[in-house]
Structures are given as structure tokens and as C-alpha cells.
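Trainee: I would like a close look at a single part of this protein, the nonpolar core. Please take me through it slowly, with the cut-offs for each term.

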Amino acid sequence: MAFFKKQKSLVGVVAAALLGWGAVVHAGPVPGVETFDKKPVTFPVPPNMTVWDIGNDEYLVTFTWKTTKPKPGVAGEFNSWSRTDLPMSGPDANGVYSVTARLKAGEYRYKLVSGEDGWHTDEANPARDEDANGNSILRLGITAELHGTVGKRGDDSIELRGLTHDPASYHYVDFVSDSRVVVRLRALANDASGAAVERDGASDAMKRIASDAQFDYWETTLTVDPAKDAPLKYAIKVVDGAATEKLGPFQVDLRQWRRRSAPDWAKDAIWYQIVIDRFRDGDPSNNPENTLGSNRMGITWPWKSDFFAIPGRKEMLTDPGMFSYDSDKDNYPDIWQRLYGGDFQGVIDKLDYLQSLGVNAIYFNPIFESPSHHKYNGKTYQFADDGYGVPGEFAKSMKTNNVFDTATWKNNKSDEKFFELLREAKKRRMRVIIDGVFNHLGDSSPYFLDVKKNGKASPYADWWDVISWEPFKARGWAGTDELPQFRKDDKHGIASDSARKFIMDCTTKWMDPNGDGDPSDGIDGWRLDVPMDVPMPFWDEWCAHVRAINPNAYIVGEVWSPAEEWIDGKKFDAVMNYQFRVAALRFFGNVEKRAKASEFDNDLARLRVRYPVANTMVMQNLLDSHDTDRIASRLFNPDLTNDRLYDGQNRVQEPGSGYKFTRPTEETYQRLKLLALFQATYIGAPMIYYGTEVGMYAADDPMCRNAMWWKDMMPYDNPDYRIDDSLLAEFQELFKLRTREEALRHGEFETLATLDDKQVFAFRRFVAGENRSLVVIINNSSETQTTEVPLSFVGANDDVSLVHGKAEFPECNSKTEHFITLGPVSGAVVSVIGNTEVKQP
């Protein structure tokens, strides 16, 4: 969301450890601690914690904190950085607060939290990340025991404690397709020289696909017949020189295996994110008057204006102070409150444009009635915004609407305009999801205003997290009064029964508009804002409600950090994959701090092994969003600080950031084309933020929410606001390629080459059983590279041809290696068609 403030301190980069594939067992404070059979642990424990072994690789961990700060608690990877799941109790006689959590063995980043938005490094724990985030580190079980232990490959020795394989966990056994099962092993880093899965007298070699500071992760994919391989019986052989260890035997009944699933259509999705106010003004009659400073001008903000221009004035808005959240200095219009007039009709008018781009799935930022451009401070979830639809409808609806009686609910004209948009999108076979902001509403919500007026007598009195009734004050998201939060508890997440029912009823309205039990006329899913700020029980209930309405609905959460706890089979199908962006920027975006090709491959593999395969294939792989700088500008601003690796020091209003917010160079746009090629061919669903495809550039919010560039509106006031036709054509061709090629949407992934000296990365996408692969070769260097790409799966009579990009193929007599020449900062997609079945080497 990041509407008023950004909470970036909790977010680590992808280089953080893989948690040892640990997990939280109980997200909230553990009741009945004294009833557990507790044993002391043998590994080192931070001095401010007590840790007990309760068996089955599970531990009771008591966090303590001596503090005078309000509302202390703990948030970390073990609870998806939820500020509310682990509140501390106390203080005791010594001023110490504490909370006990039940956790699996593993490695976790965490912070102590306080108040509304306080994040604190645990100073009593010396283990922490040495980066700008300053996250503390908790290690449990074998991860703690082996910390600091160094393996030595080739020393004829294997550390048995480092070998882990759990056939009951998707981390170690998971379906790739009906006939393909991936099997994984974890071993001490740099310890084993090889591993293999043995079954029925055959041996399938495992490849080391990822590493972190502690462990290596090995993998192979087996071809199976669930009818015959029931159960699947196997063992894992691990070798290092003359040393051999065997794990197992194991058996898995594939017919009873609890396979993770996600909507199949989401594998085919090419996402496009739209902030409606900034996309297209299709109906000037609904243009709202701007709020705060600009409403004195009585205008809708000029669409073609320079972002820094002030209508009616010669001077430009260059003072960072003008970007403050409450700025009305010297009668300047508040830059955060601009309204440009984009609306539902504007989107309808441009659906054909989106279709020509190759887009088949749209994510809309909030559409509900709200005074702002972003709509995260909504008045309700029940009615669409009049500025997007028909003016005056919300006020009329509120006169006849009873929140607690759905029989009184009637769609108004603004709602119907959205449903018209929905119908037009579905005619073009486009899916649509909308933003659900269920942690809070805005302070102009009539339900909140009623409580301010009537106090405890209001029918909405139990909805809000009221701190004080006299004088009245309610708790707001991130300490922001303008965003009053719903009251929370551990039992239901959102404590008020009527507030929870209202959210469920509104969810139903948008998913099944006519209430006939057929969701085909409704939205296809939801993107969920700041989900970590709502306790988990609400999401379990809400997600079950969504899937009861439409089992094929897609649910994606705004989770910036690794998100295993959200992808648990009950809650989300995917997350906005900001960690994909982190990995991509380390390789494509940085210069002096650029990741090597092998490091990039490792980053990607460590992301893949975090989640079930089915969910990895539907992740929203984004490059930018309404909460980041635009990707063209990010590529134009490499390396200034460690924070810049992720999402830091990238706003105009941050003095001293050194951020360049002018038009990027042609070299930058060439690098964006290469990044787009990778995004379109990698596993997962690509998502672009409106305008990325035409070269829009901007620093982080509010600038990144600038007005869309359209050819029929050229020229814009700033001559640098011009469409890059070659970039647009590249996105169109890449999305056509992805739509055409099943291997890019449903296929498996295999790394072929990581040539660090040349900055070349090559991989293939393929559907097992078919005799064709697509090979993607990326030259991330600034020089022309001729390189060997190993194609060990190629047969003697195979046909190798270029399907995208520019490349040359020097003659090569080898049947297992092919030479390819690529220009600087460029890539190619090669089709390999053979007479034999594609086999994993």
C-alpha cells in the first residue's frame, strides 16, 4: 500500500537464508505452555530468550524485551511480519515484557515492534543482518547446531546432521504435473559432491540448484505413473568422494498426496496493473473537483501537464517540502491529493489496446468510493467510486442502504458502470481482480463518522480499534489517523461480528453480482492490501468464503517478504512477487554491485523452492508497482546505496537521495527490454504496471502514479513524456510469444549455463514428454558475447532455430553444445525441436 508511509525496514533481500524451510506452528501466543513435555536444548540461545525442545523439530520460544515503549511485540518471517500476531504481555516487576511462540526448526529474521509503526532491532541478540534492514536472526534446531560448520567437498566425509529429506513436506516432494514429481534434499553447504534418487533399480541424478550460507539444496524431477507408483518407493544416495550415505527408504502414496493447487487460468495470465484515476479519462462529466489545495482552482488536474508543474503558475514544484503528506504551504496544491479524472469508461475505451499488448488479466487498485486517487482510504467496500462512474450515486445509495440487511442492497449507477467494464473485459477473455483493503477504511467513512458522532451508542462502535472515547481517538494503520483500523482479536482476526459479516457480504456482491450462485458475471479474484496487519484467522475464514463462491478465484496478497505462511493451501494462491523484483534488480539493475550469473541463478532457485510448484507458476512477477519507483527509473539509478537494491532512497522528497528522475537513457531502455524478455519467459505470471510498456519513468510515490502517456494525446507539456515505440513493440512480441508457447506458461524450468565471466545466463522451458524446448539466452554484459550453451538433451537430427531476438549461430560440430553470438545487453529465445523425447540430463 505505502500510501502515507513506507515500512521497508522489515523487508530483507532474497539473499537472506531459506529459513531451513522452517515454519510457525502457532502464530499467536502459545496457551498452556506448562502442559508441554519440555526438554532443554543443546544449541546456543540468545540471552533474552528461553527455548524448549518439545519434539518433532518444534520449539517453544519465549521472547523478552525490557522496554517502556507502548504495545510491544514480535514480528518476523515466522509470522509473515504480522505486527499483531505476537503481542507481548507484561510488564513484570522488572519492566520486562514477554511472549511465547511455537516454531519449527529453522532460521528466521525478526524485529521487535512497538506502538503503531515502531520497528526495532533486538539489541540483546548479537545475531543480525549486517545491512540497512538490521533484522535480528533466530536459529533453531539443526540450523543452530550447524551454524558456523563448514563442509569441504571432496574430503570423503558427509555431515549426517546436515542431511534432511521429509517426504510429507512440499519442500521435499511436490507435483510438477500429473506425471512429474520433484524430489529435493538439503545438505550441509559444500559438503556433498553428488546425490541421486534410487528406485526400482534405477538412479536419477540430483542437481545442486541452490545454496545459502548454511545449506545446499539438491533436486531432481521424476517421471511417474500415479496409478502404478502407488506408493512411490525410493531412497536418496548422497556421496562425497569415497563416502556414501543413504537416506530412506521412503514411500509416498501419490494418490493420497495433498497436492497444492491454484487456478489453472492464472498460469496463463499476463497481468496489467491499473490505478484508474491515472489511466484514462473516458468521461469528463464525472471528473471530480480536486481536494485540499487544488479544489480552490476548481479543476481536474491537467492530464498532459509536467508532474512538477503547478497549473496557473510559472514556477515548478521542486521543493521536497511540497511533497509532505499534509502540505498546503503557500497555497500550493497538495501533490498527494491530485485527481486526474481517470474512470471506468476510460478503461473500457482502452481494453482493445490492452488486448493488442497481449494482456489477459487486469489488477485494479481499489475501486470503492473514496476521496483520494489511490482509494486506500475508502468510505466503504459496498459501492464503486462516483468519480469512476456516475457523480452523486454514493449519497443516494447511503440514504436507502442498510449495512446490516443485504436485502436493502441495490447496485447504483457507478456499480453498474464497473460491471459494464467487467462484461467488456470478459468479452475479450480477460480476467479481472480488484484490491481488498480489509484492514481499515478512511476517516471519511460514514461508519467511522457515525462512531465519532454517537460514540458507544453507534451501531458501528465495536468495529473500530478505539483508544479513547473521550476525547475520541481510534488507532489508524501505521499510526495514521486518516486510516482507522478495524478492531482485532486472535479468535476471528477482525473482532466485530457485524464488521466481519459486512466484509463477507461485500465480497459476495463483487464476486456474484446478481446473487444467482453463478460467479461468471463477477470479478475473478482479489489482491489483498497489508494482509499481515490482520490476524490469520480472518484470512482463513475469508479465503474459504471466496472459494465457496468461486472455487476458481485467484487470491494474491501484498507480502513483500518471503511468504510461505500465506501459501499454505488455505489462504493465498500467490503474492505480489516483490522478491522476484529483488533478484532481477540484483542482476539486471545494478552495475558495481551486480550479481554474477551464478548468483542470479541461485537467487531464483531459492525463491522457487520456497513455494509449491503450482503456486510458483501463478506468482505475480512484477518489475514495479504503485509502491515503487518505475522500473525504467530504477534501472537508471543503480547502486547508490544498499537500500537501492530493493526500494530505498528513491523518492523526490528524500533530500540527499541523489535520485535522477529525468528521462532515462536509450541504454537504460535497452536494459529494460532485456529484463522484459526474462520476465516474459521465466516461470510465473508476468505483471506490468500501467505505462511501463511505453517507457514511463518516475521516482517512487507519489511520482510513480503519474498520468498515462497516450499517443492520441501527444504532445505532452514535457517533451520527454513520449512513447518509446520500440519498447512497446518488444512487450507486444514477448507477450505474443508467451501466449503462443505452452512451455513458457505451463512448462518446467532448467538452468543450462551461468557464465560469470561473460555475464551470460541461459535456461530452458519445456513440457516433459514433448520433443521441443525453448532455450533462453541472456547476455547481461555491455559487450558482444559468443558463448557455448550446453544442450545435452539435443538429438542428432534436432532443429535449432531463433524464435525471438537477434543472434547468430556460428558453425559447431558438437551435438551437445551450440555456439551463439549475442550483442551487448540482449537476449534470444531459441526453439529446439528433436526426433527424440526431451529428457532431463
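Mentor: The largest nonpolar core has 164 residues, and the members that touch the most other members are Tyr272, Phe364, Phe418, Trp526, Trp542 and Phe678. A nonpolar core here is a set of buried Ala, Val, Leu, Ile, Met, Phe, Trp, Tyr and Cys residues joined through side-chain atoms within 4.5 Å. Buried means under 20% relative accessible area, exposed means over 50%, and partly exposed is in between, with a 1.4 Å probe and protein chains only. In soluble globular proteins, nonpolar side chains tend to be buried together.

The model is predicted: local features need pLDDT of at least 70, side-chain atom pairs count only at pLDDT 80 or more, and totals for chains, interfaces and linings use all residues. Residues are numbered from 1 along each chain as its sequence is written, and side-chain values use heavy atoms, with hydrogens and water left out.

As background, the protein has 841 residues, of which 61% are buried. It has 15 helices and 35 strands; these are DSSP runs numbered from the N terminus, helices being H or I with at least four residues and strands E with at least two.

Helix α13 (residues 666-681) gives the largest share of this core, eight residues. Of the 16 residues in α13, 13 are buried. From first C-alpha to last, α13 reaches 23 Å, close to the 22 Å expected at 1.5 Å a residue; the expected span is 1.5 Å times one less than the number of residues.

Now take Phe418. Leaving aside neighbours within four places in sequence, Phe418 is in contact (heavy atoms within 4.5 Å) with Phe344, Phe364, Ile367, Ile434, Trp510 and Ile523. Two of these partners, Phe364 and Ile434, stand opposite each other, with Ile434 in strand β19.

Strand β19 (residues 431-436) has five of its six residues buried. Strands pair if DSSP finds at least two bridges between them. Strand β18 (residues 361-364) runs parallel to β19, joined by four bridges. Strand β24 (residues 525-528) also pairs with β19 in the parallel sense, over four bridges. In that pairing Ile433 stands opposite Gly525 of β24. In a regular strand the side chains alternate between the two faces of the sheet.

Tyr272, another of the residues that touch the most other core members, leads to a loop. Gly691 is in contact with Tyr272, Arg630, Met696 and Met708, leaving aside neighbours within four places in sequence. Gly691 sits in the loop between β28 and α14 and is buried, with a relative accessible area of 0%. Gly691 and Phe279 are 412 residues apart in sequence, yet 8.6 Å apart in space, C-alpha to C-alpha. Across the protein, among contacts between residues at least 6 apart in sequence, 71% join residues at least 24 apart.

Aromatic rings are counted separately. Rings of Phe, Tyr and Trp (its six-membered ring) pair if their centres lie within 6.5 Å; planes under 30 degrees apart count as stacked, over 60 as edge-to-face and the rest as tilted. By this rule there are 67 aromatic pairs. One of them, Tyr697 with Trp709, is edge-to-face, at 5.9 Å centre to centre with 75° between the planes. Tyr697 is buried at a relative accessible area of 3%, and Trp709 is buried at 1%.

Finally, apart from the largest core lies another core, of 24 residues, among them Leu163, Met206, Leu232 and Val252.
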